[in-house]
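Biologist: Could you take a close look at one part of this model for me, namely the side-chain contacts made by a single helix, and set out the rules behind each term as you go?

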Amino acid sequence: MILMIFQLIKKRIKKLTKKVNNAASSSNASVNEKRFYTLKKELDVVDDELDHLDDEFEHAYENGKLSFKVYKSREKTIEKLEDQLDLLEDALENKFGIDD
């Protein structure tokens, strides 16, 4: 189940990467702003889901339902996915010239 969740999130990040890479900036500032915040919102949703998963794993570890080894492994996977999202956000900011 957990591996499936990670795979789904990885697929969503891959799709978001394509969206960010294919997003075109415009000479119209309001169009750029709309495009930027539409994509940014999608990134934020995935980031929030990762934060929620991390909280769940931490809670499970604290309650003895996960070993330290499993907990740290899952946390490391989440950190890698969050790093990918951070890079996507940086690319998005650079593309549209908006620092959020």
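Modeller: What follows is an account of helix H2 and its contacts.

The model is predicted, and local features need pLDDT of at least 70, side-chain atom pairs count only at pLDDT 80 or more, while totals for chains, interfaces and linings use all residues. Residues are numbered from 1 along each chain as its sequence is written, and side-chain values use heavy atoms, with hydrogens and water left out.

Helix H2 covers residues 29-62; helices here are DSSP runs (H or I, at least four residues), numbered from the N terminus. Among the aromatic contacts, Phe 36 and Phe 96 form an edge-to-face pair, with 6.5 Å centre to centre and 75° between the planes. This pair links distant parts of the chain, since Phe 36 lies in helix H2 and Phe 96 in helix H3 (residues 68-96), 60 residues apart. Rings of Phe, Tyr and Trp (its six-membered ring) pair if their centres lie within 6.5 Å, and planes under 30 degrees apart count as stacked, over 60 as edge-to-face and the rest as tilted. Phe 36 is buried at a relative accessible area of 0%, and Phe 96 is buried as well, at 7%; buried means under 20% relative accessible area, exposed over 50%, and partly exposed in between (1.4 Å probe, protein chains only). Ring pairs join Phe 36, Tyr 37 and Phe 96 into a cluster.

Turning to charged contacts, Lys 40 forms a salt bridge with Glu 89, the closest N and O atoms being 3.6 Å apart, where a salt bridge is a side-chain nitrogen of Lys or Arg within 4 Å of a carboxyl oxygen of Asp or Glu. Lys 40 is in helix H2 and Glu 89 in helix H3, 49 residues apart. Lys 40 counts as buried at 8% relative accessibility, and Glu 89 counts as buried at 18%. A network of salt bridges links Lys 40, Asp 44 and Glu 89.

A further salt bridge joins Arg 12 and Glu 49, whose closest N and O atoms are 2.4 Å apart; Arg 12 belongs to helix H1 (residues 2-22) and Glu 49 to helix H2, 37 residues apart. Here Arg 12 is partly exposed at 32% relative accessibility, as is Glu 49 at 30%.

Finally, Asp 48, which lies in helix H2, helps to form a negative surface patch with Asp 51, Asp 55, Glu 56, Glu 58 and Glu 62. Such patches are made of residues with over 30% relative accessible area and no salt bridge, like charges being joined within 9 Å.

Key
Patches are made of residues with over 30% relative accessible area and no salt bridge: like charges are joined within 9 Å, nonpolar side chains (Val, Leu, Ile, Met, Phe, Trp, Tyr) within 5 Å. Accessible areas come from the Shrake-Rupley method with a 1.4 Å probe; for residues, only the protein chains shown count as cover. Lys and Arg count as positive and Asp and Glu as negative; His and the chain ends are not counted. The place of a charge is taken as NZ of Lys, CZ of Arg, CG of Asp or CD of Glu. Helices (H or I, at least four residues) and strands (E, at least two) are DSSP runs, numbered from the N terminus.
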